[in-house]
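Reader: I have a structure to look at and I am not sure how to read its features. Could we go through some of them together, step by step?

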Amino acid sequence: MQNIIQETIEYTRQRKIFDQPVLHNQTVHYRLAELETEIELVRSLLYRSVAQYIQGVDVTKLASMAKLKAGRLVREVADSCLQFWGGMGFTNEVLVSRLYRDMRLVSIGGGADEVMLSIICKYMGTFPENK
């Protein structure tokens, strides 16, 4: 995800609309900052999960949260960055095109979002019990 954001920053610095780089648009650089913040939050959750796993703690809930958020975030990053690339983002020449196309699998492989939500609910005690 970090690579896509960096490539998007570089591209939007060069791409011009109305004689101004796209990156100079407040909506663009604010959105990229939001995405970078979300990536750091997911990274922190992963680091916390690993640290607790090393200590022998059950991290099923944290791992499910991390997978859920990372799967959704990678799609969000790809979609937002593709928007800033415009038509060029759909060509096979740029990485954002491949990310946009391939990252849907992240939320399916290893457990769909709904499965991760069910696991989280179970650990929160909010999942309905079978009678």
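Reader: Does Y53 count as buried or exposed, and at what relative accessibility?

Author: Before answering, keep in mind that this is a predicted model. A residue is called exposed when its relative accessible area is over 50%, and Y53 counts as exposed because its relative accessibility is 60%. Y53 is found in helix α2, which covers residues 26-54, and together with V50 and I54 it forms a nonpolar patch on the surface, with about 380 Å² of accessible area for the three together.

Reader: Is T8 buried or exposed, then, and which residues is T8 in contact with, leaving aside its neighbours within four places in sequence?

Author: Buried means under 20% relative accessible area, and T8, with 0%, is therefore buried. T8 lies in helix α1, residues 2-14, and, once the neighbours within four places in sequence are set aside, T8 is in contact with L32, C81, F84 and W85. The side chain of T8 also reaches the backbone oxygen of I4, at 2.7 Å.

Reader: How far apart are the end C-alpha atoms of helix α3, and what span should its residues give?

Author: The general idea is to allow 1.5 Å a residue, so that the 26 residues of helix α3, residues 60-85, should span 38 Å; the end C-alpha atoms are 37 Å apart, which agrees. After α3 comes G86, whose phi is positive, near 65°.

Reader: How many salt bridges are there, and which residue forms one with E76 at 2.6 Å?

Author: The rule looks for a side-chain nitrogen of Lys or Arg within 4 Å of a carboxyl oxygen of Asp or Glu, and by this rule the count comes to 8 salt bridges. One of them joins E76 and R31, whose closest N and O atoms are 2.6 Å apart. Because E76 lies in helix α3 and R31 in helix α2, the pair ties together parts that are 45 residues apart in sequence. R31 and E76 are also linked with E34 in a network of salt bridges.

Reader: Which residue meets R72 in a salt bridge?

Author: The side chain of R72 meets that of D113, at 3.3 Å from N to O. R72 lies in helix α3 and D113 in helix α5, so this pair ties together parts that are 41 residues apart in sequence. R72 counts as partly exposed at 38% relative accessibility, whereas D113 is buried, with a relative accessible area of 8%.

Definitions and conventions
Residues numbered from 1 in each chain as written. Predicted model: local features only at pLDDT ≥ 70, side-chain atom pairs only at ≥ 80, totals over all residues. Heavy atoms only, no water. Helix = DSSP H or I, 4+ residues; strand = E, 2+ residues; numbered from the N terminus. Expected span 1.5 Å × (residues − 1). Patch = residues over 30% accessible without salt bridge, like charges linked within 9 Å, V, L, I, M, F, W, Y side chains within 5 Å. Areas by Shrake-Rupley, 256 points an atom, 1.4 Å probe, with all protein chains shown as cover. Buried < 20%, exposed > 50% of the residue type's maximum accessible area, 1.4 Å probe, protein only. Polar contact = N/O pair within 3.5 Å; in protein donor to acceptor, adjacent residues only side chain to side chain. Contact = heavy atoms within 4.5 Å.
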